Structures are given as structure tokens and as C-alpha cells.
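Visitor: Hello! I would like a close look at how helices meet in this protein, starting with one pair and then following the thread from there. Could you walk me through it slowly?

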Amino acid sequence: MNTYAFIVLVALAGEYILSIVTSLLNIQAMTPRVPHEFRSVYDEDTYRQSQVYTRARTRFGLVQSTLSLTVLLFFWQIGGFEWLDRVARELAAGPVATGLVFVGTLVAGSTALGLPFRIYSTFVIEERFGFNRTTAATFTLDLVKGLLLGGLLGATLLSIVLFLFELTGSWAWLWCWGATTIFLLLAQFIAPTWIMPLFNTFTPLGTGELKDALIAYSQAARFPLEGVFVIDGSRRSAKANAFFTGFGKHKRIALFDTLIAKQTTAELVAVVAHEVGHYRRGHILRNLVFGIAHTGVLFWVLSLCLKQQGLFEAFGVAEPSVHAGLVFFSLLFTPVELVLSVLVHRFSRQYEFEADAFAAETTGSAEPLVSALKKLSADNLSNLTPHPLEVYLHHSHPPVLQRIDALRALRVAEPTESAATASG
């Protein structure tokens with residue numbers, strides 16, 4: 001067997017088997033009784049529902065991954081990549097247009113394959129557990145806007161990459177890295193202002209108790225909070241969330257309206273303080289730098305793989321090309337990406353602990369954030385006892401119990417007068 005084909009097959013099969021083992025261990029790790037720390041927010045019925053929800057999502061994920069892998073292997077074995085490459089070369093003129101047809105067709109096929117799962121997830125599973133608030137019209141509009149936006153941005157970036165690889169020779173990877181870096185940096189400023197509002201309404205937080213408390217907190221923490229917005233998350237889901245995005249004048253903190261409806265002022269200040277902590281501790285910048293470095297390495301390794309005739313022979317493609325090499329390289333790189341994702345998740349979990357500590361220190365108490373985390377867990381039917389392997393491989397956030405233990409272990413100084421006002 002072709003060496004590259006063997007590596008890809010082993011990687012795909014290994015990742016699939018690992019996901020099954022991890023899922024089974026995660027289900028077995030669920031405990032029959034509510035952990036003592038959560039008995040104030042989880043009654044027996046809610047806790048039982050959270051476990052049923054975890055099982056349902058797990059089964060759904062396994063079915064989806066099984067079908068996706070089966071379709072990929074079938075398409076590969078019947079010579080689908082060679083057939084599509086021939087069709088793309090016949091329909092298009094030039095390497096860039098050919099690449100757009102080839103990659104675009106694969107992306108369209110993957111999207112079509114995933115659409116029934118997306119519909120089932122939204123209108124069956126999420127509906128069953130009381131989370132879904134998405135109408136068919138909203139779902140369809142989101143899908144169309146997502147496809148158009150993804151197609152526009154994806155086609156633009158892919159065209160640039162294909163063009164540079166054809167034009168700049170052995171230094172193409174460096175030029176592509178530079179172009180992609182500019183693309184990523186622009187996205188940090190464009191996304192909060194232009195892209196995100198295409199899907200959700202961002203309303204500046206109005207005057208009232210919460211805004212007064214946040215102003216008091218921002219003064220105590222010496223962090224201007226000019227961009228606090230309420231996002232209409234309730235149009236799509238009953239789940240609550242908050243996030244920080246952007247840089248400079250384009251940075252903003254978004255609080256879901258579902259979060260505001262269920263949390264006290266002190267808890268909301270703690271949640272905002274946690275998001276501020278990500279910015280003040282440099283987590284957003286570090287993630288951006290890592291993403292840029294990661295992209296550079298990918299392009300460099302890709303440039304080496306494009307010279308390997310065996311990589312194209314592994315997928316039955318007779319004529320090497322940049323567009324086919326991009327797709328085959330993404331499959332070949334599967335085990336490396338798995339390792340990298342584990343490292344990224346490890347750092348992400350550490351960032352969550354650091355942001356939690358920042359929130360407790362700058363508000364003067366750990367308890368409001370502890371209370372907020374408990375409510376979020378119950379409202380979102382979170383699995384309170386995930387298996388360590390599941391956490392290690394897939395979780396960007398530590399288990400809630402670990403976060404609470406870490407918060408309780410902090411020695412938080414007494415709040416200043418301003419911080420005390422902010423926390424209610």
C-alpha cells in the first residue's frame with residue numbers, strides 16, 4: 001500500500017476509534033447523584049435531564065462522525081478525487097478557477113452531507129430539551145447568509161493562496177503566510193463590526209443598575225468598558241453565554257439576553273470581569289499569535305508535501321496540483337492536528353482559570369462567579385462529571401467543579417469601595 005495512503009487511513013481510523021472510546025468513558029463517568037456543590041441549582045430531575053442530554057448529544061455525534069468517515073472512504077475508494085479533478089480541469093480555465101471548482105465542490109458536498117444533521121440537532125435534540133427557539137425562517141436565513149459569507153471569504157482567500165503558489169515558486173508558502181496573516185488581522189477588526197451583526201443584533205447596554213455596576217467595576221479595575229452589548233441569543237436558543245472579541249476600538253463584550261435574564265447584577269459583573277480577564281491577561285493576543293504561527297508552519301509543510309508524487313498517487317490523482325494537494329494535506333495532517341488541538345485546549349483551560357482568578361481579584365470576591373457558573377451549568381444542562389480523557393482531548397474549558405474549587409482556593413482581598421458597589 002502507498003505509504004501516504006496508509007498514514008491517512010491509520011490516522012482517520014485511529015481518530016474515529018479514539019472518539020468512540022472517549023465517548024463511552026465519558027458516559028460511564030456520569031454519577032447517579034448530584035454533586036454536593038450543585039444541589040442548590042440542580043434538582044434530581046434537572047440532573048437526570050443533563051445526563052440524558054449528554055447521552056443524546058454523544059450518540060448524535062457518533063452517528064454523524066460514522067457517516068462522514070464512511071462517505072469519505074467510499075468517495076476515496078471509488079476514485080472520486082480523480083474524477084472530480086478531471087471535471088474541474090475540463091470546466092475551468094487556469095489553476096485558480098480549477099482549484100475553486102475542485103475545493104468548492106468538496107466543501108459543498110460536505111455542507112450538504114452535514115445539513116440534515118444540523119437540522120436534526122436544532123429542531124429535534126435541542127427542541128426536545130427546551131433549548132431551541134430558532135424558527136425555520138431564521139434557520140434558513142442563517143444558513144444562506146453563512147454560505148454566502150463563507151463562500152465569499154473562503155473563495156477569496158483560496159484564490160489568493162492558489163495564485164501565490166502558482167506565481168512565487170519555492171517561496172510561495174511565505175507569501176501565503178503573509179497574506180493569511182493580513183486576512184486574520186483584518187478579521188479581528190471587521191468581524192465584531194460587520195460580520196457578527198449580520199447574524200445577531202448587538203444592542204449597547206442601556207442605563208440601569210447593571211450598567212451602573214459595570215461602570216463602577218471598570219473604574220475599580222481601571223479598564224474602560226465602552227463596548228458592552230446585549231446580543232439577542234434568545235432568538236435561537238435558551239442557552240446563555242458571553243464572549244469578548246476584537247481589539248482596540250473594535251473590542252466588545254457581548255452578553256446574551258438569556259444570560260442577563262437569569263443572573264443577578266453581581267453575577268453578571270463577575271462574568272464581565274472574567275471576559276475582561278481574558279483581555280488583560282493577554283489570552284486573546286496569545287491565541288492570535290499562535291494561530292498566525294500555526295498557519296505559517298502549515299504552509300511550509302504543505303509546500304514540502306506538494307512535491308511528493310506519492311501523496312497524489314495515494315488518492316488516485318494522476319496530475320499533481322496545489323488545489324488537490326491542499327485537500328490531501330489536510331487529511332495527511334490529521335494526527336498532527338489532533339496533537340495540536342490537545343495543546344490548544346490545555347492552554348485554553350489554563351486561560352479560563354486565570355480569567356476566573358482575575359474576576360475574583362478585581363471584584364473582591366469569588367462567590368458571584370461561583371454562583372454564575374453554577375447557574376450556567378444548570379441552565380445549559382452541562383455534564384458535571386466529564387471523563388478526564390474527554391476533557392483532555394476536547395474541552396476548551398475546565399470542568400465546572402474544578403473551576404469552583406480553584407476559585408474557592410483563592411485568597412481574595414477585601415473589595416475596594418468601587419468594587420463593592422459593582423458587585424452589588
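Visitor: Which residues in α5 meet which residues in α12?

Guide: Happy to! Please keep in mind that this is a predicted model. On the α5 side, look for L158, L162, F165 and E166. Their partners in α12 are V322, H323 and L326. To find the two helices, select residues 136-167 for α5 and residues 322-332 for α12. Their axes lie 10 Å apart, and the helices pack at an angle of about 115°. The crossing of α5 and α12 is right-handed.

Now let us carry these ideas over to helix α9, which covers residues 265-280. A good way in is the nonpolar core. In soluble globular proteins, nonpolar side chains tend to be buried together. The largest nonpolar core of this model has 47 residues. Those that touch the most other members are L214, Y217, L225, L255, L259 and V276. Several elements each supply two or more residues to this core: the helices α7 (209-221), α9, α13 (334-363), α14 (367-379) and α16 (400-408), together with the strands β2 (228-231), β3 (242-245) and β4 (252-256). The greatest share comes from α9, which gives 7 residues. There is also a second, separate core, made of 36 residues, with L69, L84, L164 and F328 among them.

Let us see how α9 sits against its partners. Take α13 to begin with. The axes of α9 and α13 are 7 Å apart, and the helices pack at an angle of about 120°. That angle makes α9 oblique to α13, because roughly perpendicular ends at 115 degrees and roughly antiparallel needs over 145. The crossing of these two helices, α9 and α13, is right-handed. From α9, the residues that meet α13 are V269, A270, A273, H274, V276, G277, H278 and R280. Facing them in α13 are Y351, E352, A355, D356, F358, A359, T362 and T363.

Next comes α7. Here α7 and α9 pack at an angle of about 40°, with 10 Å between their axes. This makes α7 oblique to α9 as well, because roughly parallel needs an angle under 35 degrees and roughly perpendicular starts at 65. The crossing of α7 and α9 is right-handed. In this contact, α7 offers E209, L210, A213, L214, Y217 and A221. The α9 side consists of T265, L268, V269, V272, A273, V276 and R280. You may recognise L214, Y217 and V276 from the list of residues that touch the most other members of the largest core.

With the helices in place, zoom in on two residues of α9. One is A270, which lies in this helix. A270 has a relative accessible area of 1%, so it counts as buried; the cut-off for buried is under 20%. Leaving aside residues up to four places away in sequence, A270 touches A359, T363, P368 and L369. A270 and T362 are 92 residues apart along the chain, yet their C-alpha atoms are separated by 8.9 Å.

The other residue to visit is H278, which also has its place in α9. Its relative accessible area is 11%, so H278 is buried. Try tracing two polar contacts from its side chain. One reaches the side chain of H274, at 3.1 Å. A polar contact of 3.1 Å also joins the side chain of H278 to that of E352. If you set aside residues up to four places away in sequence, H278 touches H283, I284, Y351, E352 and A355. Y351, E352 and A355 were also among the α13 residues that meet α9.

To finish, look at the loops that lead away from two of these helices. R222 sits in the loop between α7 and β2. R222 has a positive phi of about 55° although it is not a glycine. With a relative accessibility of 76%, R222 counts as exposed. L381, in the loop between α14 and α15 (388-394), likewise has a positive phi of about 55° without being a glycine. L381, however, is buried, at 9% relative accessible area. Click on R222 and L381 in turn, and you can compare an exposed residue with a buried one.

Methods: Residues are numbered from 1 along each chain as its sequence is written. This is a predicted model: local features need pLDDT of at least 70, side-chain atom pairs count only at pLDDT 80 or more; totals for chains, interfaces and linings use all residues. Side-chain values use heavy atoms; hydrogens and water are left out. Helices (H or I, at least four residues) and strands (E, at least two) are DSSP runs, numbered from the N terminus. Buried means under 20% relative accessible area, exposed over 50%, partly exposed in between (1.4 Å probe, protein chains only). A polar contact is a pair of N or O atoms within 3.5 Å; within protein, one must be able to donate a hydrogen and the other to accept it, and residues adjacent in sequence count only if both atoms are side-chain atoms. Contact means heavy atoms within 4.5 Å. A nonpolar core is a set of buried Ala, Val, Leu, Ile, Met, Phe, Trp, Tyr and Cys residues joined through side-chain atoms within 4.5 Å. Axes are lines fitted to C-alpha atoms, for helices over the stretch in contact, and angles run from 0 to 180 degrees between N-to-C directions. A crossing is left-handed if the near helix is turned anticlockwise from the far one by less than a right angle, and right-handed if clockwise.
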